Each structure stands twice: as structure tokens, then as C-alpha cells.
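Trainee: Could you take me closely through one part of this model, the charged surface patch, and then set it in the context of the rest of the chain?

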Amino acid sequence: MPVPKIRYDWYQTDDLVAITIFAKNAINVIVDFQENTLSVSAALPSGNDYSMELDLAHPIVPDECCYKAGSATIQVKLKKKDGITWNSLERSAEVPITPQPIPQVVQCEKDPSQYPSSCKKTRNWDKLEKEIEKQEAKEENEAKGEAALNFLFQRIYVNAPDEVKRAMNKSFQESGGTVLSTNWSEVSKGRVERRPPECLEWKPWNT
């Protein structure tokens with residue numbers, strides 16, 4: 001099975017380089033910080049392994065770097081060794097590393113959350129990070145709610161009489177997972193029709 005392509009983005013401030021890897025529900029995350037390299041590995045829900053190996057454009061301070069693995073992303077923060085602007089995240093073999101001082105306009109930037117670049121549009125990186133954290137919290141709450149609901153259904157099924165189990169199995173399978181009934185006298189009368197939530201359309205998973 002081919003490993004799915006994982007997108008990542010990065011930005012920088014005077015002191016830090018921040019990398020956001022959009023890997024959902026990654027586990028066993030391992031991040032190795034070296035002065036000139038970064039290594040990130042993790043296990044994905046699909047069963048594949050994710051790996052990122054970067055030769056960094058400029059040196060970092062490994063002891064002052066950190067990372068955070070959430071349900072939606074892996075966030076890595078690199079501490080710059082020198083106060084210079086990174087023109088790229090990775091070192092180019094053709095271009096030697098020549099430290100350049102950060103322009104005065106950057107050092108005097110009124111809003112440090114908006115980093116100047118060649119792009120005409122400015123991005124508020126503090127706001128972006130808060131949005132990512134908000135999305136992670138939402139997904140974690142949804143996952144907890146779904147797990148609690150599944151646990152409740154499992155308890156009902158285990159302790160239920162045979163007729164109730166037959167009703168649950170028949171209704172769930174015939175309705176494509178949109179109906180779960182415990183009433184065998186009703187379910188046994190015929191095929192259970194699909195009842196998707198209002199404003200939603202039922203489709204097979206592989207379409």
C-alpha cells in the first residue's frame with residue numbers, strides 16, 4: 001500500500017522556525033533534533049509509517065527545540081542558532097550557507113505575529129496556531145463522544161436477549177448504519193430502510 005503524502009507548512013520569527021505537519025491521529029511520534037538536521041517519524045492510522053528527514057538551511061539549538069503531537073497535526077519548533085532570516089527550510093547543495101542579518105524592518109516589526117515575506121498577503125501566524133489548536137480540541141471531543149456512545153451500545157448488546165441482538169444486527173446492517181433498533185417485532189416485519197440524518201445523503205463508503 002503506498003504511503004499517503006503528508007503536507008506540511010512552515011513559518012519563522014526572529015528566533016524560531018515553526019513547522020506544522022498535517023498528520024492526523026499520528027502515534028509513536030519521535031522527533032530528533034540535531035544542529036543541522038531534523039528527523040520526524042510516526043505511525044499513521046492507516047498502518048503506514050511517516051518519516052521526514054531534513055538537512056536544515058541553517059543551524060539550530062537542539063536543547064531549546066520542542067514539538068507537540070495533537071490529533072490533527074504535529075507541531076515542531078526549532079530554535080535558531082543565529083538571528084538570521086531563512087530563505088528556505090532545507091539546505092541547498094548548490095548554495096553555500098552564508099548567514100545574513102535580519103533586515104532592520106523585520107526587527108522593528110510592530111506585530112511579530114505577521115512575518116514579512118515575498119507574498120503580498122500577510123498571515124497572522126498566532127491566529128493560525130490558535131485555529132489549529134481549536135480544531136484539535138474539537139476533534140478530540142468528538143472522538144471521546146463517539147467512543148462513549150460505542151461503549152454504551154456494546155453494553156446494551158452484551159446484556160440484551162437474543163431478540164434484541166437480532167433486531168440490532170438486522171436494523172444496523174440493512175439500513176447501512178443509519179438505524180439501530182432493539183424492537184424485533186417491528187424490525188422482523190421487513191427490510192429496514194435507510195434513515196440518514198436530516199440534510200444528509202447516504203452513500204456507500206467506496207463512492
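Mentor: A patch, as the word is used here, is made of residues with over 30% relative accessible area and no salt bridge, like charges being joined within 9 Å. With that in mind, and remembering that this is a predicted model, one can say that Asp32, Glu53, Asp55 and Glu90 together form a negative patch on the surface. Among these residues, Glu53 can be placed in strand β5, which covers residues 49-55, and Glu53 counts as exposed because its relative accessible area of 55% lies over the cut-off of 50%.

The setting of the patch is a protein of 7 strands and 4 helices, and when the elements are read along the sequence they follow the pattern β-β-β-β-β-β-β-α-α-α-α. Of its 207 residues, 30% count as buried, while the accessible surface comes to about 14,400 Å², with 52% of that area belonging to carbon and sulfur atoms. Where contacts between residues at least 6 apart in sequence are considered, 46% of them join residues at least 24 apart.

Charged side chains also appear in a pairing of opposite sign, for the structure holds 1 salt bridge, formed by Glu35 and Lys81, whose closest N and O atoms are 2.5 Å apart. This pair links distant parts of the chain, since Glu35 sits in the loop between β3 (27-33) and β4 (37-43), whereas Lys81 sits in the loop between β7 (74-79) and α1 (104-107), 46 residues apart. Glu35 has a relative accessible area of 32% and is therefore partly exposed, and Lys81, with a value of 47%, is likewise partly exposed. Although Glu35 has over 30% relative accessible area, a patch takes in residues with no salt bridge, and Glu35 forms one with Lys81.

A further acidic residue worth following is Glu193, which is found in the segment after α4 (184-187) and counts as exposed because its relative accessibility is 54%. Leaving aside residues up to four places away in sequence, Glu193 touches Ser175 and Val179. In the case of Val179, which is 14 residues from Glu193 along the chain, the C-alpha atoms of the two residues are separated by 8.2 Å.

To return to the part you asked about, the negative patch consists of Asp32, Glu53, Asp55 and Glu90, with Glu53 in strand β5.

Conventions
Residues numbered from 1 in each chain as written. Predicted model: local features only at pLDDT ≥ 70, side-chain atom pairs only at ≥ 80, totals over all residues. Heavy atoms only, no water. Patch = residues over 30% accessible without salt bridge, like charges linked within 9 Å, V, L, I, M, F, W, Y side chains within 5 Å. Areas by Shrake-Rupley, 256 points an atom, 1.4 Å probe, with all protein chains shown as cover. Salt bridge = Lys/Arg side-chain N within 4 Å of Asp/Glu carboxyl O. Lys, Arg positive; Asp, Glu negative; His and termini not counted. Charge placed at Lys NZ, Arg CZ, Asp CG, Glu CD. Helix = DSSP H or I, 4+ residues; strand = E, 2+ residues; numbered from the N terminus. Buried < 20%, exposed > 50% of the residue type's maximum accessible area, 1.4 Å probe, protein only. Contact = heavy atoms within 4.5 Å.
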